[in-house]
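Work through the following exercises with the sequence and the model side by side. Try each task before you read its solution.

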Amino acid sequence: NAQEIKAKIEGQIVRITCKAGTGGRLFGSVTASQVAQFLAEQYGCKIDKKKIVLKSDIKMFGSFAAEIRLYTGISAEVKIEVSEA
């Protein structure tokens with residue numbers, strides 16, 4: 001099952017839209033929970049937010065990397081694109 005999910009999402013782009021204030025900074029930040037929600041919406045993969053590892057805090061618009069640890073020894077890399085709502 002983990003291999004199937006990896007094949008479906010490996011290298012994919014998760015597009016997230018957020019509201020922002022002045023200077024392109026987000027209100028708050030993008031969390032693993034939001035990434036899990038958008039993965040479910042865009043790719044139909046239900047993934048626990050605890051398995052999503054963000055490489056850095058997402059507090060601005062742009063592209064970011066995330067690792068999804070699906071199972072022991074099986075992980076997938078996805079790209080997160082944050083844009084203005």
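**Exercise 1.** Is Val-53 buried, partly exposed or exposed?

Solution. Before starting, note that this is a predicted model, in which local features need pLDDT of at least 70 and side-chain atom pairs count only at pLDDT 80 or more, while totals for chains, interfaces and linings use all residues. Residues are numbered from 1 along each chain as its sequence is written, and side-chain values use heavy atoms, with hydrogens and water left out.

Step one is to fix the terms: a residue is buried under 20% relative accessible area, exposed over 50%, and partly exposed in between, with a 1.4 Å probe and protein chains only. Step two is to apply them: Val-53 has a relative accessible area of 28%, so Val-53 is partly exposed. Step three is to place the residue, which is found in strand E3, residues 52–54; helices (H or I, at least four residues) and strands (E, at least two) are DSSP runs, numbered from the N terminus. Finally, leaving aside neighbours within four places in sequence, Val-53 is in contact (heavy atoms within 4.5 Å) with Ala-66, Glu-67 and Arg-69.

**Exercise 2.** Place Ala-32, Ala-40 and Tyr-71 in their elements and classify each by accessibility.

Solution. Begin with Ala-32, which lies in helix H2 and counts as buried because its relative accessibility is 18%. Apart from neighbours within four places in sequence, Ala-32 is in contact with Lys-49, Ile-52 and Leu-54. Ala-32 and Ile-58, which are 26 residues apart in sequence, are 10.0 Å apart in space, C-alpha to C-alpha.

Continue with Ala-40, which also has its place in helix H2, but whose relative accessible area of 36% makes it partly exposed. End with Tyr-71 in strand E5, where a relative accessible area of 60% means that Tyr-71 is exposed. The C-alpha atoms of Tyr-71 and Leu-39, 32 residues apart along the chain, are separated by 17 Å.

**Exercise 3.** Which residues of helix H1 are buried, and why are they on the same side of H1?

Solution. First, list them: in helix H1, residues 2–9, the buried ones are Ala-2, Ile-5 and Ile-9. They cover an arc of only 65 degrees around the axis, and therefore lie on the same side of H1; the arc is that of the directions from the helix axis to the C-beta atoms. The general rule behind this is that an α-helix has 3.6 residues a turn, so residues three or four places apart point the same way.

Next, look at the two sides. The buried residues pack against helix H2 (32–43), strand E5 (62–71) and strand E6 (74–84), whereas the face of H1 turned away from the buried side carries the exposed residues Gln-3, Glu-4 and Ala-7. After H1 comes Gly-11, with a positive phi near 75 degrees.

**Exercise 4.** Describe the protein chain as a whole.

Solution. Start with the elements: the chain has two helices and six strands, which follow the pattern α-β-β-α-β-β-β-β along the sequence. Then consider burial and contacts: 33% of the 85 residues count as buried, and residues 24 or more positions apart account for 51% of the contacts with a separation of 6 or more. To finish, give the extent of the chain, whose C-alpha trace spans about 45 × 20 × 20 Å along its principal axes.
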